[in-house]
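Work through the exercises below with the sequence and the model side by side. Each task is followed by a solution that goes step by step.

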Amino acid sequence: MQAPPNPYLGLTPADKKKWICVYPVYINSRKTIVEGRIIPKAKAVDNPLCSEICDVCKAHKLNAEIETDHYHPRELVKDYLHQGRVRVQLHNQDGTPCNDAINTRHQLFVLLGEMIPKLKTRIAGGGGSVSSGGESAANTQTSVPSKKKKGKKK
């Protein structure tokens, strides 16, 4: 009995099935290596989204496509924020890289880790930290009375 033919054997690097998959967990600084993070934590991003990954890839002239109906196999929480993956074309039809600066998956992951924090959506999200700073100021006001020492009545 013969083994079935390999369906990927005749595909070229330009076929979408040969594009690499980038799950957000690969570059998430809140995940461990066991949970699926691939790059070092110092180069990773705090909770990246598929849309952010796709935006960075398209800005670097790489073909990218979001597949929303997929989850990373090790992802325990199946919610909307962790949903999806991005397919990225690294090589042209003839096998040459689409972008000369990005030849491998690891180079792409490191680039994503550097560029996602610089996105306008992330910088505008920094404005949200101002409101959290206001909350911390409110917390310090409520914590001031708790610092008073209670003594015995004489």
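## A buried cysteine and the question of disulfides

**Exercise 1.** Decide whether Cys 50 is buried or exposed, and find out how many disulfides the chain has.

*Solution.* Begin with the surroundings of the residue: Cys 50 has a relative accessible area of 8%, and because the limit for a buried residue is under 20%, Cys 50 counts as buried. This is a predicted model, and the next step is to look for a partner in it. The closest cysteine sulfur to that of Cys 50 belongs to Cys 54, at 8.8 Å, which is too far for a bond, since a disulfide needs two sulfur atoms within 2.5 Å. For the whole structure the count of disulfides comes to zero. Another cysteine, Cys 98, is partly exposed, with a relative accessible area of 24%.

**Exercise 2.** Describe the order of the helices and strands, and then state which residues of α1 are buried.

*Solution.* The chain has three helices and three strands, and read from the N terminus these elements follow the order β-α-β-β-α-α. In α1, the buried residues are Cys 50, Glu 52, Ile 53, Cys 54, Val 56 and Cys 57. To think about such a pattern, recall that an α-helix has 3.6 residues a turn, so residues three or four places apart point the same way. Just after α1, Lys 61 takes a positive phi of about 60°.

## Charged pairs

**Exercise 3.** Find out how many salt bridges the structure has, and explain what the pair of Asp 46 and Arg 30 ties together.

*Solution.* A search of the whole structure gives four salt bridges. In the one between Asp 46 and Arg 30, the closest N and O atoms are 2.4 Å apart. Both residues lie in the loop between β1 (20-22) and α1 (50-59), so the pair ties together parts that are 16 residues apart in sequence. As for accessibility, Asp 46 is partly exposed at 35%, whereas Arg 30 counts as exposed at 58%.

**Exercise 4.** State which parts of the chain are linked by Glu 52 and Arg 122, and which residues Glu 52 touches.

*Solution.* The salt bridge between Glu 52 and Arg 122 has its closest N and O atoms 2.9 Å apart. This pair links distant parts of the chain, with Glu 52 in helix α1 and Arg 122 in helix α3 (residues 120-146), 70 residues apart. Glu 52 is buried, with a relative accessible area of 7%, while Arg 122 is partly exposed at 22%. Leaving aside residues up to four places away in sequence, Glu 52 touches Asn 47, Ile 116, Leu 119, Thr 121 and Arg 122.

**Exercise 5.** Determine whether Arg 87 and Glu 67 are buried or exposed, and which residues belong to their network.

*Solution.* Arg 87 and Glu 67 form a salt bridge in which the closest N and O atoms are 3.5 Å apart. Arg 87 is in strand β3 (residues 85-88) and Glu 67 in strand β2 (residues 64-67), so placed that the pair links distant parts of the chain, 20 residues apart. Both Arg 87 and Glu 67 are buried. Through salt bridges that share partners, Glu 67, Arg 85 and Arg 87 are joined into one network.

## A loop residue and the core

**Exercise 6.** Work out where Asn 47 lies and which residues it touches.

*Solution.* Asn 47 is located in the loop between β1 and α1, and at 33% relative accessibility Asn 47 counts as partly exposed. Not counting residues up to four places away in sequence, Asn 47 touches Asn 28, Arg 30, Glu 52 and Arg 122. With one of these, Asn 28, the contact is polar and runs from side chain to side chain, at 3.2 Å.

**Exercise 7.** Identify which residues of the largest nonpolar core touch the most other members, and which elements supply the core.

*Solution.* The core has 28 residues, of which Val 22, Val 88, Leu 108 and Leu 112 touch the most other members. At least two residues of this core come from each of β1, α1, β3 and α2 (105-115). Val 22 touches, among others, Ile 53, Val 88, Leu 108 and Leu 112, residues up to four places away in sequence being left out. In soluble globular proteins, nonpolar side chains tend to be buried together.

Technical notes:
Residues are numbered from 1 along each chain as its sequence is written. This is a predicted model: local features need pLDDT of at least 70, side-chain atom pairs count only at pLDDT 80 or more; totals for chains, interfaces and linings use all residues. Side-chain values use heavy atoms; hydrogens and water are left out. A salt bridge is a side-chain nitrogen of Lys or Arg within 4 Å of a carboxyl oxygen of Asp or Glu. Helices (H or I, at least four residues) and strands (E, at least two) are DSSP runs, numbered from the N terminus. Buried means under 20% relative accessible area, exposed over 50%, partly exposed in between (1.4 Å probe, protein chains only). Contact means heavy atoms within 4.5 Å. A polar contact is a pair of N or O atoms within 3.5 Å; within protein, one must be able to donate a hydrogen and the other to accept it, and residues adjacent in sequence count only if both atoms are side-chain atoms. A nonpolar core is a set of buried Ala, Val, Leu, Ile, Met, Phe, Trp, Tyr and Cys residues joined through side-chain atoms within 4.5 Å.
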